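Here is a short tour of a single chain, written with a modeller's eye in mind. We begin at one residue and work outwards to the whole fold.

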Amino acid sequence: MHVPDGFLSPAITLPAYAAAAPLWALAARRHLGRDAADALPVVGALTALAFVVQTIAIPVPGGTSTHLVGVTLLALLHGPLLAFLCESLVLLLQALFFGAGGVTVLAVNALAMGLLGPLAGWAVHRLLRRRAQRAAAFLGAWISMQVAAGAVALVLGLQHRIAPEYFPVPFAVSATALLVPSLAVTGLVEGLYTVLALALLRKADLRGVA
């Protein structure tokens, strides 16, 4: 799902940084201060876990693969802003040391996978959790994956429309390549992962787990 360097023009990457920068500052101020010290060990562990699950490729038909994101769990526990901050850190490390994604497209990837997806998942969970907590977590995680994949597909489609020399693949092709694995495979696995991890964390009754 990571958009690599060179696929997007500055017409898209610069506005994305302009949108992401104040949100990074707000998230850091809200979630990394003294008041949040109790939650930091759990947040750090879940961020590291998100880094790991994003490196595990899940094979899908067609000779390609997909992967989990893993930060909806952070959004459910601590809110979408912290999920955005943690996913941005994961994406930065992946770009710098593993060649996944890229620095110029960091804000685009972070907004799609770290903010829009987890924000949608968090909202669905908040709406449904009083009726069925596990189902709400599963559906929230599944929705999160679809929103993130859809956002990346829309950005790539926009790039194809305004400057196809950067991304020559039509929207229909890129959207199909992103959404079909997400709808059929990754969303389901992300939902199961989120439900299981949430249950284990609450059973452990760790500090910083709501």
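## Ser 88 and its surroundings

Ser 88 sits in helix H4, which covers residues 80–97. Keep in mind as you look around that this is a predicted model. Is Ser 88 buried or exposed? With a relative accessibility of 7%, Ser 88 counts as buried, because the cut-off for buried is under 20% relative accessible area.

Which residues does Ser 88 touch, leaving aside those up to four places away in sequence? The contacts are Trp 24, Leu 106 and Ala 110. Take Leu 106 from that list: Ser 88 and Leu 106 are 18 residues apart in sequence, and their C-alpha atoms are 7.4 Å apart in space.

## The loop between H4 and H5

Moving along the chain, we come to the loop between H4 and helix H5 (106–128), where Ala 100 is placed. Ala 100 has a relative accessible area of 27%, so this residue is partly exposed. Beyond the residues up to four places away in sequence, Ala 100 touches His 2, Leu 91, Gln 94 and Ala 95. There is also a link to the start of the numbering: the C-alpha atoms of Ala 100 and Met 1 are separated by 9.6 Å, although the two are 99 residues apart along the chain.

Val 103 is another resident of the loop between H4 and H5. At 39% relative accessibility, Val 103 counts as partly exposed. Its contacts, again not counting residues up to four places away in sequence, are Asp 5, Tyr 17, Ala 95 and Leu 96. For a distance to check in your viewer, try Val 103 and Leu 92: they are eleven residues apart along the chain, with 6.9 Å between their C-alpha atoms.

## Helices, strands and annotated spans

Stepping back, how many helices and strands does the chain have? There are seven helices and two strands. Read from the N terminus, the order of elements is α-α-β-β-α-α-α-α-α.

An unreviewed UniProt entry carries the annotation "transmembrane region" for residues 7–27, 39–60, 72–97, 103–124, 136–158 and 178–201. Two of these spans can be set beside the model. Residues 72–97 are 96% helix and 0% strand, with end C-alpha atoms 24 Å apart. Residues 136–158 are 100% helix and 0% strand, and here the end C-alpha atoms lie 32 Å apart.

## The chain as a whole

What radius of gyration would a compact globule of 210 residues have? The expected value is near 17 Å, and the chain has 17 Å, so the two agree. Along its principal axes, the C-alpha trace spans about 50 × 35 × 30 Å. Of the contacts with a separation of 6 or more, 74% join residues that are 24 or more positions apart.

As for burial, 49% of the 210 residues count as buried. The accessible surface of the chain comes to about 10200 Å², and carbon and sulfur atoms account for 69% of this surface. If you are thinking about electrostatics, the chain has 12 positive and 7 negative side chains. The centres of these two sets lie 13 Å apart.

How values were computed
Residues are numbered from 1 along each chain as its sequence is written. This is a predicted model: local features need pLDDT of at least 70, side-chain atom pairs count only at pLDDT 80 or more; totals for chains, interfaces and linings use all residues. Side-chain values use heavy atoms; hydrogens and water are left out. UniProt positions are given in the numbering used here, feature names are shortened, and annotations may be inferred rather than shown by experiment. Helices (H or I, at least four residues) and strands (E, at least two) are DSSP runs, numbered from the N terminus. The radius of gyration is taken over C-alpha atoms; the globule rule is 2.2 Å times the number of residues to the power 0.38. Buried means under 20% relative accessible area, exposed over 50%, partly exposed in between (1.4 Å probe, protein chains only). Contact means heavy atoms within 4.5 Å. Accessible areas come from the Shrake-Rupley method with a 1.4 Å probe; for residues, only the protein chains shown count as cover. Lys and Arg count as positive and Asp and Glu as negative; His and the chain ends are not counted. The place of a charge is taken as NZ of Lys, CZ of Arg, CG of Asp or CD of Glu.
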